[in-house]
Amino acid sequence: MDPLEALVAQIQGLSSTPGDIARLHIILKQADDSLRAESTRLSPVLGQLAPSEHSLGFLYVLDAFTSGQISKQQAETSVPIITGFINACNAEQIRLAPEKCINLCYPIVLVCKRLKDQVMMLEAPIRGAGPLLTAARKLQLSTEHLTPLHSDFLMLCVLAKCYKTGLSILEDDIFEVDQPRDLFLYCYYGGMICIGLKRFQKALDLLHNVVTAPMSTLNAIAVEAYKKYILVSLIHHGQWQLSTSLPKYASSVAQRSLKNFCQPYIELASSYGTEKIAELEAYVQTNTEKFENDNNLGLVKQVVLSMYKRNIQRLTQTYLTLSLQDIANTVQLNSPKEAEMHVLQMIQDGEIYATINQRDGMVRFLEDPEQYKTCEMIENIDSSIQRIMALSRKLSAMDEQISCDQLYLSKVGRERQRYDFDDFDVPTKFNI
């Protein structure tokens with residue numbers, strides 16, 4: 001019997017019970033090299049296997065089938081096969097080797113990354129977003145586990161500008177990470193998703209994680225994240241939050257070198273700090289090409305727009321009523337009509353509270369009408385409290401788990417031996 005036909009028979013006969021599947025897993029690993037050598041003959045084999053019943057065998061055959069170079073025309077055929085498998089496969093079977101889930105060479109991860117590459121080749125990233133999310137959910141050991149596929153899913157959402165789709169996993173509380181790289185990319189693409197949705201505080205949190213992540217050498221993603229962090233800080237807070245220095249827990253290489261690669265953005269923040277709109281616009285005009293090459297010109301324009309908003313907000317702290325003409329003159333807008341458009345947009349976004357009298361062109365600034373005593377507001381506050389309490393419990397559980405980990409304890413023991421604490425003036429009693 002042909003070896004390939006024999007393998008198909010084994011897959012079909014050993015895909016029912018856990019014991020059989022474990023045995024099949026050993027056979028498939030041994031046959032991996034021979035499958036790759038026969039990659040051009042594997043298309044009919046896939047037709048003989050059912051993704052839902054023979055998930056493990058189908059996965060190894062699919063991995064070999066997609067391992068070679070592929071043309072755009074072949075991708076059109078391959079993408080439906082991969083997406084069909086991901087949607088139908090048995091999660092328990094594709095997770096049979098949990099020790100390999102942390103490895104980027106794990107078959108399901110390899111297949112999904114090829115799907116990502118193929119939909120990008122076809123210039124249709126949206127076709128891969130849904131299947132990658134499904135695969136990530138199936139590969140997760142728990143809802144708090146971050147897989148290598150989460151960042152790829154977010155990247156496809158960014159390319160397809162399907163920001164709301166990407167938000168579906170950014171709402172999760174995820175703590176368990178197999179590879180720091182997974183969290184690094186997850187936070188970067190997650191930050192871009194939140195920027196697209198104008199959820200700037202969440203974007204800042206995610207980009208902050210990228211900038212302060214441990215790194216031995218500076219990388220392009222950290223530099224790009226820092227540029228976006230500066231811009232989003234200016235848009236959301238009106239100031240650059242890390243203007244003096246990075247936090248102490250940031251890597252030494254980031255503290256030393258990061259600013260050197262972001263000089264136009266640091267100078268933009270300095271210009272913003274002068275609160276002179278003409279000076280800011282002149283700087284942006286001079287450096288438009290740099291910002292455009294970084295694909296950040298849209299954010300830079302939002303920075304300029306935010307200065308107009310900041311200046312209008314300052315007026316609400318000084319005046320109760322003001323004409324649109326006076327607002328235009330003070331904020332350096334071209335006309336009362338332009339001032340009216342800015343004020344209306346800010347009212348709609350909840351950034352100021354005001355009314356406009358169309359007859360005399362007067363703007364009346366109001367106090368925040370929220371009294372924080374409605375049922376909806378109480379539910380929001382309660383929801384936030386419950387979320388924080390749940391987070392506290394998870395952190396406590398993680399702390400306890402780490403404190404009992406043998407690898408951690410042995411490392412701490414070695415570190416302590418490097419120091420003689422008798423050489424330090426350590427207080428024996430603390431008054432709290």
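**Exercise 1. Salt bridges across the chain**

Determine how many salt bridges the structure holds, and establish which parts of the chain are tied together by the pair of aspartate 2 and arginine 41.

*Solution.*

Step 1. The structure, a predicted model, holds 15 salt bridges. Side chains of opposite charge can pair when their charged atoms come close.

Step 2. In the pair of aspartate 2 and arginine 41, the closest N and O atoms are 3.4 Å apart, which satisfies the criterion of a Lys or Arg side-chain nitrogen within 4 Å of a carboxyl oxygen of Asp or Glu.

Step 3. Aspartate 2 belongs to the segment before α1 (3–13), and arginine 41 to the loop between α3 (32–37) and α4 (43–47); the pair therefore ties together parts that are 39 residues apart in sequence.

Step 4. Aspartate 2 has 25% relative accessibility and counts as partly exposed. Arginine 41 is likewise partly exposed, with a relative accessible area of 38%.

**Exercise 2. Burial of charged partners**

For the salt bridge of lysine 113 and aspartate 152, and for that of lysine 309 and glutamate 351, locate each partner and decide: is the residue buried, partly exposed or exposed?

*Solution.*

Step 1. The side chains of lysine 113 and aspartate 152 meet at 2.5 Å, N to O. Lysine 113 is in helix α8 (residues 107–121) and aspartate 152 in helix α10 (residues 148–160), so this pair links distant parts of the chain, 39 residues apart.

Step 2. Buried means under 20% relative accessible area. Lysine 113, at 15% relative accessibility, counts as buried, and aspartate 152, at 6%, counts as buried too.

Step 3. Between lysine 309 and glutamate 351, the closest N and O atoms are 3.5 Å apart. Because lysine 309 lies in helix α19 and glutamate 351 in the loop between α21 (336–348) and β4 (354–357), the pair ties together parts that are 42 residues apart in sequence.

Step 4. Lysine 309 is buried at 17% relative accessibility, whereas glutamate 351 is partly exposed at 33%.

Step 5. Salt bridges can also join into a network: Asp32, Arg36, Asp63 and Arg114 are linked in this manner.

**Exercise 3. The packing of α16, α17 and α19**

Find how the axes of helix α17 and helix α19 cross, and identify which residues of α16 are buried.

*Solution.*

Step 1. The axes of helix α17 (residues 277–286) and helix α19 (residues 297–316) come within 10 Å and cross at roughly 175°. Angles over 145 degrees count as roughly antiparallel, and α17 and α19 therefore have this relation to each other.

Step 2. On the α17 side of the contact are Ile277, Leu280, Glu281 and Val284; on the α19 side are Val300, Val304, Met307 and Tyr308.

Step 3. In α16 (263–273), the buried residues are Pro264, Tyr265, Ile266, Leu268, Ala269, Ser271 and Tyr272. These buried residues pack against α14 (220–237), α17, α18 and α19.

**Exercise 4. Positive phi in two loops**

Explain where glutamate 275 and asparagine 295 are placed, and what phi each adopts.

*Solution.*

Step 1. Most residues other than glycine have a negative phi.

Step 2. Glutamate 275 has a positive phi of about 65° although it is not a glycine. Its place is the loop between α16 and α17, and with a relative accessible area of 43% it is partly exposed.

Step 3. Asparagine 295 also has a positive phi, near 60°. This residue is in the loop between α18 (288–293) and α19, and it is exposed, with a relative accessible area of 70%.

**Exercise 5. A nonpolar surface patch**

State which residues form the nonpolar patch on the surface, and which helix gives the most to it.

*Solution.*

Step 1. The patch is formed by Leu391, Leu395, Met398, Ile402, Tyr408 and Leu409, which together have about 500 Å² of accessible area.

Step 2. Two helices, α22 (375–403) and α23 (406–416), each supply at least two of these residues. The helix that gives the most is α22, with 4 residues.

Step 3. One of the patch residues, isoleucine 402, is found in helix α22. At 43% relative accessibility, isoleucine 402 counts as partly exposed.

Key. Residues are numbered from 1 along each chain as its sequence is written. This is a predicted model: local features need pLDDT of at least 70, side-chain atom pairs count only at pLDDT 80 or more; totals for chains, interfaces and linings use all residues. Side-chain values use heavy atoms; hydrogens and water are left out. Patches are made of residues with over 30% relative accessible area and no salt bridge: like charges are joined within 9 Å, nonpolar side chains (Val, Leu, Ile, Met, Phe, Trp, Tyr) within 5 Å. Accessible areas come from the Shrake-Rupley method with a 1.4 Å probe; for residues, only the protein chains shown count as cover. Buried means under 20% relative accessible area, exposed over 50%, partly exposed in between (1.4 Å probe, protein chains only). Axes are lines fitted to C-alpha atoms, for helices over the stretch in contact, and angles run from 0 to 180 degrees between N-to-C directions. Angles under 35 degrees count as roughly parallel, over 145 as roughly antiparallel, 65 to 115 as roughly perpendicular and the rest as oblique. Contact means heavy atoms within 4.5 Å.
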